Amino acid sequence: MTKQASREQVAAYLALFDNDVESAIAAVRSYKPMQIANALSVNPAAPVINREGPPLISVNAVTKEYRIGHQKVEALRSVSLRVYEGEIVAITGSSGSGKSTLLQLIGGLDKPTSGSVSVANTDLSKMSDHTLSRFRGQTIGFVFQSFYLQPFLNLGRNLEVPGMFAGTPHRERHQRVQELAAAVGLTERLQHLPKELSGGQIQRAAIARALFNRPKVILADEPTGNLDSKNGMAIIDLFEQIRRNFNTTIVIITHDYAIAQRADRHITLKDGEVVL
Amino acid sequence: MIHLGDAIILATTKLRTRRIRTGITVVVSGLLFGCLVATLFMAKGAFDSISKFNAIGLGSRYIVQAQTVPLTGVITQDKDLQARAQELYTQQVADKKAAAKKLGITYDATADRPPVISPDGKATNTFLDISTPVALQAVREYMQAHPQPGMGDLKRTAAPYHPKNFYTTETLSTGDGTLVTMNNGVENLTTNQPDLGTQYQQDILMKYPLQLTPTAISRPFMLPATSLSSDHPDAIPIIVTYSAAEKVLGMTPLSKGVPAAQKLERIRTLYRKAGSGVLAACYRNTVSTDQIQTAITTAADIAKNKDNKDYQKPSLIYGLPAADSCGPATIARDVRTTDEKSQAAKQKQFDAQFNTVTEPDQQKIEFRIVGLMPDTQDGAPSSSASGILQGLVGSSLAGVIAVPEDMYNALPSAARYKAVFNSTPTSVMAIFSSTSTYYAEFANDTTARAFIDNASCNPSPSGCSKAKPFMLNAFGSNSIALQDLQRKFRRAALLGAGAIVFIAVAIMTGTVGRMIADSRRETAVFRAVGAGRFDITFVYTLYAIMLSVCIAVFALGLGLLLARLADWKFWQTATAQAQLVFGGSNLSLQFRFFGINTAVGWVLLATLGTGLISMILPLLRNIRRSPIKDMRDE
């Protein structure tokens with residue numbers, strides 16, 4: 001199914017392709033959501049991603065419905081998406097467009113009403129809660145807008161939390177915390193409580209926590225939403241650095257087009273459908 | 001899966017959030033459980049103390065007293081008995097008329113009241129006037145035809161309950177005679193005599209009946225042989241209450257509000273001195289008493305009329321004996337004519353013919369204290385704490401002066417005393433109820449309680465049935481009731497604990513539930529970083545346990561503190577009271593309000609259980625929720 005792109009979307013394409021009008025026009029003419037998702041929204045500045053092999057994340061015709069009272073709400077409508085290893089993908093869309101729902105389906109925190117979600121060749125919808133928890137702990141790292149660090153644990157302990165649930169031995173955890181703190185530049189702050197850190201530091205800590213179990217995928221839900229633009233950009237820098245260092249696939253939900261522009265690909269959702 | 005140490009780290013963070021609410025929960029729940037713990041410590045201490053004190057008297061024994069039911073009400077309305085009494089009355093009046101005529105003396109038949117009366121004058125509503133000799137004679141005949149239940153009946157009814165022993169006590173009755181204490185060794189031979197009610201209150205020999213008591217029952221109250229005086233070998237041995245001993249020893253009773261230490265000291269003094277306590281009493285039969293009273297009133301009349309020239313002294317004047325002798329009245333003046341003396345002799349002959357005592361009899365009797373027992377409430381209700389304690393746990397011999405049977409029978413002058421105390425009962429109650437009381441002793445409170453509950457007579461207007469011939473009561477102490485009380489206390493404590501657990505669950509559910517509910521997003525984050533439902537359950541279970549442990553520690557500390565405080569505050573008073581109530585033969589015993597009670601362990605477990613119960617619903621709600629929903633609530 002194809003759709004006619006709107007004037008606003010064209011403007012967005014222009015912005016995305018750095019005012020490369022030819023590319024933007026080509027994109028509009030051959031408008032197909034899947035194609036746009038997989039090819040046309042690729043940032044030319046992004047490193048070369050192997051998109052020939054199997055995708056790391058595969059969302060196939062996923063629909064998600066909720067019931068609010070007697071009313072049925074379709075959060076996602078037959079959404080399909082492929083994300084490859086080492087990619088940074090930004091998902092944008094207005095509030096209620098279904099982007100967080102999509103992220104949570106990819107993270108195995110929710111199950112689709114129809115369709116399937118696979119991560120690292122594993123169909124999440126067929127996993128038990130217990131197996132899914134283990135899988136999530138090992139394969140996926142989450143970063144939230146509100147950080148969600150434990151207020152009464154110092155930073156070091158906070159970084160360890162995924163390791164606690166994974167049953168990682170204490171010594172190994174300690175070593176991992178040192179590495180991660182160094183990676184995000186918080187080595188000196190390990191004994192501090194979250195309330196003693198700045199917003200940017202807290203989010204860096206949250207990212208470090210997401211990296212604890214060396215996940216293949218990081219799912220970031222509005223990671224810069226509570227930060228100023230400078231700190232926001234620093235977080236994106238950090239994501240790029242992580243991708244470079246660990247070849248981690250990163251899916252970012254954002255309202256900020258400047259952030260989205262920094263991603264390898266940019267997908268927009270509207271009313272539960274991929275529109276670009 | 002999360003390790004225990006890590007789960008504890010995460011659970012600890014829960015305790016540190018919402019500190020005020022958590023603090024209030026710990027304090028309020030801790031107060032509830034603390035009070036329960038304190039009660040258990042104190043109850044254990046108190047019951048242990050009671051058990052120790054029980055061993056002094058009869059408290060550790062399970063004796064049931066069997067009493068016959070006086071049938072006064074039934075008998076006075078019995079028409080056959082009334083007819084028999086009327087028959088006896090008619091016969092007696094006829095006999096007396098004949099005897100008077102034969103002796104040549106005057107007989108006034110109206111002086112002998114008829115035995116049947118009708119308050120409203122109706123023939124259908126008649127009663128036997130049991131104050132008349134003829135009515136008593138009819139009653140005596142009736143009682144001989146309908147003998148009171150005896151030891152055989154008790155053995156029969158008690159057999160299914162396997163009693164250990166049987167005992168009998170006998171009331172030492174002086175019949176129509178009186179036994180009056182000679183205060184300071186002298187009789188009151190003046191006109192200034194208290195009224196009868198006051199005498200009954202003041203004179204222990206009038207207040208309490210003398211009861212010949214088997215050694216098995218009296219032994220626990222005996223003073224040590226070494227403390228007994230041998231100065232009065234012929235005195236009747238008696239076991240008396242503390243207050244009676246104070247009177248015998250001439251000690252002023254302590255006022256009610258004196259400190260515990262003073263009460264204890266008084267008990268010590270009593271036990272030290274009681275062995276030398278001797279009570280002199282004067283026994284007089286009715287003739288002797290009448291002659292003494294006549295002597296007193298005549299002397300008073302003469303003194304009053306000493307300036308009255310018209311006053312004529314009686315022709316026969318009795319004189320008073322020495323006040324410390326308990327001797328017979330003397331003849332101070334006898335100026336009767338020969339005819340008057342002849343008439344008096346004939347009257348005496350007439351009285352003797354109709355079973356009236358005619359010769360004076362009196363003798364001085366000494367009693368010596370050989371044992372002490374706590375005062376009883378004499379059945380009167382008491383609203384004071386000590387009164388309630390006395391009624392509840394006291395060990396005593398139920399308002400009597402006990403005469404140890406073996407010591408009494410070994411007295412050199414036992415035969416002489418038997419002449420005094422073998423009088424045929426003439427008082428109404430003495431006829432109606434046996435002078436013997438029977439006892440059965442059981443091995444434990446259960447059989448004793450069962451015997452009382454199942455075999456005691458529930459008196460109807462016609463008395464008791466043959467199957468249940470006795471009124472049965474716990475005797476000597478309330479050890480049976482005490483066991484019952486302990487069981488009831490346990491039940492009450494259990495109910496109280498249940499109520500407290502219920503309230504605590506409500507409070508803790510509020511806190512734990514709020515805490516878990518508030519942690520929904522955090523739970524979602526944990527789920528996102530790899531926590532399974534079991535991990536989440538583990539962390540919150542540890543949180544609930546830690547909260548419960550805080551409450552348990554607070555409750556235990558508070559309970560210990562309260563119980564210790566109560567013990568510190570009340571043990572001296574309670575010890576003094578216990579010595580008063582139980583008997584102070586072992587003055588080293590202390591009544592404590594603190595004892596290690598294993599039930600406290602159950603309370604602490606209940607606290608833990610309360611925490612876990614309070615956690616279940618909120619946790620179930622939490623782990624069943626989709627973490628996404630909680631994140632989306634943001």
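Trainee: What makes the contact between chain B and chain A an interface in numbers, that is, how much area do the two chains bury between them?

Mentor: Chain B and chain A bury about 2,600 Å² between them, and 59% of that area lies on carbon and sulfur atoms. The model is a predicted one, and the contact draws on 29 residues from chain B and 25 residues from chain A.

Trainee: Why is the pair A:Arg134 and B:Asp535 called a salt bridge?

Mentor: The side chains of A:Arg134 and B:Asp535 meet with a nitrogen-to-oxygen distance of 3.1 Å. The rule asks for a side-chain nitrogen of Lys or Arg within 4 Å of a carboxyl oxygen of Asp or Glu, so the pair qualifies. Across the interface of chain B and chain A the rule finds 4 salt bridges, and it also finds 9 residue pairs in polar contact, with both residues at pLDDT 80 or more.

Trainee: Which helices of chain B supply at least two residues each to the side that touches chain A, and how do the residues of that side divide by character?

Mentor: Helix 1 (4-16), helix 20 (520-528), helix 21 (533-582) and helix 23 (627-632) of chain B each supply at least two. The residues of the side of chain B that touches chain A divide into 12 nonpolar, 6 polar and 11 charged.

Trainee: How do you know that the buried residues of helix 18 of chain B line one face?

Mentor: In helix 18, which covers residues 445-455 of chain B, the residues B:Asp445, B:Ala448, B:Phe451, B:Ile452 and B:Ala455 are buried. Seen down the axis of helix 18 of chain B, the buried residues fall within an arc of 145°, so they line one face of the helix. As general background, an α-helix has 3.6 residues a turn, so residues three or four places apart point the same way.

Trainee: What makes B:Asn444 a cap of helix 18 of chain B?

Mentor: A side-chain oxygen of B:Asn444 lies 3.0 Å from the backbone nitrogen of B:Thr446, and B:Asn444 thereby caps the N-terminal end of the helix. Because a polar contact needs N or O atoms within 3.5 Å, the distance of 3.0 Å falls inside the cut-off.

Trainee: Why is B:Thr126 called buried, although B:Thr126 is found in a loop?

Mentor: B:Thr126 is found in the loop between strand 2 (116-117) and strand 3 (127-128) of chain B. The label depends on accessibility: B:Thr126 has a relative accessible area of 12%, and buried means under 20%, so B:Thr126 counts as buried. Leaving out residues up to four places away in sequence, B:Thr126 touches B:Thr76, B:Gln77, B:Lys79, B:Gln82, B:Val116, B:Ile117 and B:Ser118.

Trainee: Which side chains make polar contacts with the side chain of B:Thr126, and at what distances?

Mentor: The side chain of B:Lys79 makes a polar contact with that of B:Thr126 at 2.8 Å, and the side chain of B:Gln82 is joined to that of B:Thr126 by a polar contact of 2.6 Å.

Trainee: Is B:Lys96 buried or exposed, and what puts the residue in that class?

Mentor: B:Lys96 is found in helix 4 (residues 79-103) of chain B. Its relative accessibility is 11%, and because the class requires a value under 20%, B:Lys96 counts as buried. Apart from neighbours within four places in sequence, B:Lys96 is in contact with B:Tyr107, B:Asp112, B:Phe350 and B:Phe354.

Trainee: How many of the residues in each chain count as buried, as a percentage?

Mentor: Buried residues make up 46% of the 634 residues in chain B, and 55% of the 276 residues of chain A count as buried.

Methods
Residues are numbered from 1 along each chain as its sequence is written. Chains are lettered from A and ligands numbered from 1 in the order in which they are written. This is a predicted model: local features need pLDDT of at least 70, side-chain atom pairs count only at pLDDT 80 or more; totals for chains, interfaces and linings use all residues. Side-chain values use heavy atoms; hydrogens and water are left out. Contact means heavy atoms within 4.5 Å. Buried area is the accessible area (1.4 Å probe) that two parts lose on being put together, summed over both. A polar contact is a pair of N or O atoms within 3.5 Å; within protein, one must be able to donate a hydrogen and the other to accept it, and residues adjacent in sequence count only if both atoms are side-chain atoms. Helices (H or I, at least four residues) and strands (E, at least two) are DSSP runs, numbered from the N terminus. Ala, Val, Leu, Ile, Met, Phe, Trp, Tyr, Cys and Pro count as nonpolar, Asp, Glu, Lys and Arg as charged, and the others, Gly among them, as polar. Buried means under 20% relative accessible area, exposed over 50%, partly exposed in between (1.4 Å probe, protein chains only). The arc is that of the directions from the helix axis to the C-beta atoms.
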